[in-house]
Amino acid sequence: MDIINEAMRIFTDAGIGDAVRVTLAMALASVTISAFLGIALGILLEQCHFPGKRILIRINHTLLGIPPVVVGLLVYLLLMRNGPLGAFALLFTIKGMVLAQIIIITPIITSMVYSYAFTTAPAVRAFAVTMGASKWQTQILTIKEMKYEIYFAIVTGFGRAISEVGSVMLVGGNIEGRTRTMTTAISMLKSQGIYTEGVTLGVLLLVFAFILQWAAESFQKRELENENY
Amino acid sequence: MRIINLKKQLGRFSIDIPYLALAKGCIHGFIGENGSGKTTTAKLIANILQPDEGQILYDGLEPRSITMSSQKPYMLHTSVYENLIYPLKIRNIKPDEKAIDAMLQKYDLYEKKKQYARSLSSGEQQKLSLLRTLIFQPEFVIVDETLSNLSAESLELFENLIWEIQKKRCITWVLISHQPHIINELCDTVHFFSNGRLIESGRKEQVFLHSQNPIVKTYVQRQAFGLLKEG
């Protein structure tokens, strides 16, 4: 009972609750924007042929491996008072953290959607032509036919967003109640030697990660079951 | 429909057809060995591929009224019913549910109406693909080996369906098949492809029985078109 009471106390603690709220708000906003960008870019990259396309694909693949702390630093330099975007006053805000997350997550979703489109879209387009579909109808059909893969890409992006620490620490500044996320809170609690709260947040993050993984796997499993009936 | 100086390069393989006329209202057979260019030519006609050079003159035929059923048909990630009505949906045509149920019943797919289309057997998928191809009343239909995997019973049903459509609307068909009896039963004219070239066109009797081309002669003998001679 003591453990449950202690867990409840930690969970209802204002700081922890805020960290969860900030994490989810940031992750949902950045994943929503990245999903729109990533799906559009992935499909456009598959469909359009232009000089430099291969280089663009390589750049996108390179961005997959970019250290988040480097993104954080670049966004920090952009948003700092004397930086090019300083006038918008986004540094140490959730919006600023969302910007950094978009730079990290969009290449992941773009890359996954591009790979799926590369294998799926030509067959869908050929089918759509033979059915007499218009260009617009063909685009909608292509997205519909990749829906499970797109869900999977979005879930992967969300998983990345909630577990990010380097860039959000730099851009958000880890301000309690405003920009402190679950991961930056864990980092801070550990440095203060407050392990119980840190572990509780860690367990919560693991639960989120488990739910996301389960959701992603269930999409894939459903797909495989349908294919191999 | 006329094809004039059509050229298409696909890797090392190339299509080169100086002239091919496909008379309206006829059932045409595309025959030849594997990799001879039948399917590629069909895809060029169906607008799936674009030619590098040359022209396809559709002579008033709307591109939307040309359709093609492939050997490995694409099944949408949805039910049998949704797959079947897709051509109607994109044309904003309300499906006649009674007619669709009757059609599914006739072709033994009614029990599987709500089933996931990709879980059907290959033969059932080909039946569904053919029905989907014909549901919006196209003017030009290309059937690429789709009839080959059907059971004898289903094949007879589809042969009858083709005759029925021809009696009512007299549309143009291109049948691609390696099965001599399908070509023999259904086609008016045949077009023989070899190595990306059209090497002979004409009435089926003329091509099967009187061709002077050694490649055609060998193919015909191998495919036992000699049966026709006996008949």
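This passage walks through the two chains one at a time, then the contact between them and the core. Everything here comes from a predicted model.

Chain A is helical through and through as far as its assigned elements go: there are 10 helices and 0 strands. Read from the N terminus, the order is simply α-α-α-α-α-α-α-α-α-α. Its C-alpha trace spans about 65 × 50 × 25 Å along the principal axes. Of the 229 residues in chain A, 39% come out as buried. As for how the chain folds back on itself, take the contacts with a sequence separation of 6 or more: 76% of them link residues 24 or more positions apart.

Chain B mixes its elements, with 9 helices and 9 strands. The radius of gyration of chain B is 18 Å, and the globule rule gives 17 Å for 231 residues, so chain B is as compact as a globular protein of that length. The C-alpha trace of chain B covers about 50 × 40 × 35 Å along its principal axes. Burial in chain B stands at 39% of its 231 residues. Among its contacts between residues at least 6 apart in sequence, 67% join partners at least 24 apart.

Where the two chains meet, 15 residues of chain B are in contact with 14 residues of chain A. On the chain B side, strand β5 (66-69) and helix α2 (80-89) each supply at least two of the touching residues. Sorted by character, that side of chain B has 9 nonpolar, 4 polar and 2 charged residues.

Now for the packing inside. In soluble globular proteins, nonpolar side chains tend to be buried together. The largest nonpolar core in this model holds 115 residues, and the members touching the most others are A:Ile109, A:Val113 and B:Leu175. Helix α5 of chain A (residues 94-131) gives the most to this core, putting in 21 residues.

A:Ile109 is worth a closer look, given its place among the core members that touch the most others. Setting aside neighbours within four places in sequence, A:Ile109 is in contact with one group made up of A:Ser34, A:Ala35, A:Gly38, A:Ile39 and A:Gly42. Its remaining contacts on that count are A:Ala153, A:Ile154 and A:Gly157.

Methods
Residues are numbered from 1 along each chain as its sequence is written. Chains are lettered from A and ligands numbered from 1 in the order in which they are written. This is a predicted model: local features need pLDDT of at least 70, side-chain atom pairs count only at pLDDT 80 or more; totals for chains, interfaces and linings use all residues. Helices (H or I, at least four residues) and strands (E, at least two) are DSSP runs, numbered from the N terminus. The radius of gyration is taken over C-alpha atoms; the globule rule is 2.2 Å times the number of residues to the power 0.38. A residue is buried if 20 or more other C-beta atoms lie within 10 Å of its own, exposed if 12 or fewer, and partly exposed in between; C-beta atoms are placed from the backbone. Two residues are in contact if their C-beta atoms, placed from the backbone, lie within 7 Å. Ala, Val, Leu, Ile, Met, Phe, Trp, Tyr, Cys and Pro count as nonpolar, Asp, Glu, Lys and Arg as charged, and the others, Gly among them, as polar. A nonpolar core is a set of buried Ala, Val, Leu, Ile, Met, Phe, Trp, Tyr and Cys residues joined through C-beta atoms within 7 Å.
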